[in-house]
Amino acid sequence: MPLGRLGALLLLAPTLLLMLLIFVGPIGWFLSAALGELGSLSEIWEEAVATLGSRTILAAILNTNWIAFLVTLVVLALGYPLAYALTRAKGLAFTAILVCILLPYFTSVIVRTYAWMVLLGRNGLINQALLGLGVIQQPLELMYNRTGVIIGMTYVLLPYMILTLYSAMKAVDPRLLQAAEGMGASPFEVFRKVFFPLTLHGVVAGALIVFILGVGFFITPALMGGPGDIMIAMLIEREIELTQNWPVAALMTLVLLAVTLSLYAVYHRFSAERPGLAA
Amino acid sequence: MPRDSGPATTPAILLEGLTKRYGAETVVADVNLDIAPGEFLTLLGPSGSGKTTTLSMLAGFVLPDAGRVVLAGRDVSKAPPRARGLGMVFQNYAIFPHLDVFENVAFPLRVQRKPQKEVETRVWDALQMVKLTGFEKRYARQLSGGQQQRVALARAIVAHPPVVLMDEPLGALDKNLRYHMQVEIKEIQRRLGTTMVYVTHDQEEALTMSDRIAIMNHGRIAQLGPPREVYEKPENAFVARFLGEANLLAAKPAAGGAVTAKGAPLEAGSGALGAEGGFLFVRPEKVTLSAGAAPAGPNRLSGTIRHASFLGNVVRYAVELGEPEPLLVDAANAAGAAIFGPGETVTASWDAGDCRLLAG
């Protein structure tokens, strides 16, 4: 039964209303209230230039993007083969892999982060095991630094990448791979010339999702990072909780929102237009 | 490795005792085929007859449980598809959606690392052969079914493989286009001298295109021969029924020949009944109808018209003979031909040379 425009809108209405009420509304109110404290537009502009010009904040913005970028790379490198294994797995193996991927998904981020801290600490399981085996003489610094942030974030964000890639890979017609093989392509060429290009949109979508989620990360870098791993969400929290400088927090929120929305626009465009592929 | 008989008689394809089992089920059972260079051979059969599995073993997508695949004297039974150097047209065309027409057709050359200049010339030649020049920059989704079929065909021949395999390539096209493509495929095949193995379940297509047809049933070759031979001299009831309309009159042995279930005398130029009897096979178009009851004689049966359908160039009658099954008769709608109406008494007759006895 076709719904029509009005019907679809009616079905969407409760969600839209809720989002307006608990998401768009508060952000709008927060931004206008915080920036309103500054007074006129020119005063806001002055404060914005000063804020974005400050070394701490600039460093945090760059840090945030750099960390999100690194995490995206690691997640992609780990996620691609895993997603492929998932497309090939059948029956019990499929369920097992899927549960392994999804189970942590249902556990709180804080719990997971603390679990990693138990593993990665100076006297954590990994260091003790490696020391015990004689692989290393000194405990590795796996936490309270960049390594810790990347490990923690990778772990949290991996499922998003795997699930996005999985759906892209599942959509590849296996007969195309067989055809390529029949036309003389080696397994590597089948991958490079057919499979990978046909899953590229999934790679881009997954990378964007992971990056978008990554720039907004707060708990993991706060718990597992070192003093050099301040991310923008942490600064926002500090401005609100500690210094109670709402205008600065609002300006940084705007920056984060702008980055997120523009990446989302890229994602949307990309998933709408796939050259050469049927819509 | 050339055999003693010399390269001239080395078959392009030799299948020996080819067998494939899936679990307890034998899908291809002891298939033997000897296909000459430049021959157009069709594997014809209903779905599940093993024709596609046979083709897949030939292509290398499926490895046989027993038997050998020999291409131009080279045993490739265990070789992967890429080592067999075959061209192939797939049932669903398998056109790469991320590549345009040019790169699709160029694919077999690209994996052979041919220089760009040669790729361009060959792709151009192939596209010209399938009449698809001017479409190089299009993607599959911008092409009609017939055009996609041409891309698949161009891609199969672009590297000039000695053997091209086709798996129901015209199944998705409408009737007119299908006929058109049959003619074109046949023409390209003749021009390039390619050995062709063609899989279809469409008997008309098989009859039109093939030099020889292998009719498959339950994983075995039920009969192998040129179109006319398999059509006119089927060796069993399955082949007779599968290749178009067939009358199979229950028959039993009698002194000096055979009789119908009701005892009317029959005379056949070939074939034999089994010990338990069998069938007399005669094609509907080989039967002549004349007005009035029959004078006695072999292959002359009286009956009444039960049903007449006008098919345009042919009128198809169902004639009630008092035998277990009515007799189908196709009468050409020729100039001055009489058309019988239901209930009319007629005599159906045919030549001994046009019918054949089949064991049950």
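Which residue in E20(B) is the bridge partner of B:Thr304? The answer is B:Thr345, and the points below set this pair in its surroundings before turning to the interface.

1. This is a predicted model, in which local features need pLDDT of at least 70 and side-chain atom pairs count only at pLDDT 80 or more, while totals for chains, interfaces and linings use all residues. Residues are numbered from 1 along each chain as its sequence is written, chains are lettered from A in the order in which they are written, and side-chain values use heavy atoms, without hydrogens or water.

2. Strand E20 of chain B (residues 345-349; strands are DSSP runs of at least two residues, helices of at least four, numbered from the N terminus) has four of its five residues buried, that is, under 20% relative accessible area with a 1.4 Å probe, protein chains only.

3. E20(B) runs antiparallel to strand E17 (residues 300-310) of chain B, joined by five bridges, and also pairs in the antiparallel sense with strand E16 (residues 288-291) of chain B over four bridges; pairing requires at least two DSSP bridges. In the E16 pairing, B:Leu289 has B:Ala348 as its bridge partner.

4. The contact between the chains (heavy atoms within 4.5 Å) takes 22 residues from chain A and 19 residues from chain B.

5. One salt bridge is counted between chain B and chain A, where the term means a side-chain nitrogen of Lys or Arg within 4 Å of a carboxyl oxygen of Asp or Glu. B:Arg113 forms a salt bridge with A:Glu189, with the closest N and O atoms 3.0 Å apart. On the side of chain B that touches chain A, helix H2 (residues 101-111) of chain B gives the most, with four residues.

Terms used:
Buried < 20%, exposed > 50% of the residue type's maximum accessible area, 1.4 Å probe, protein only.
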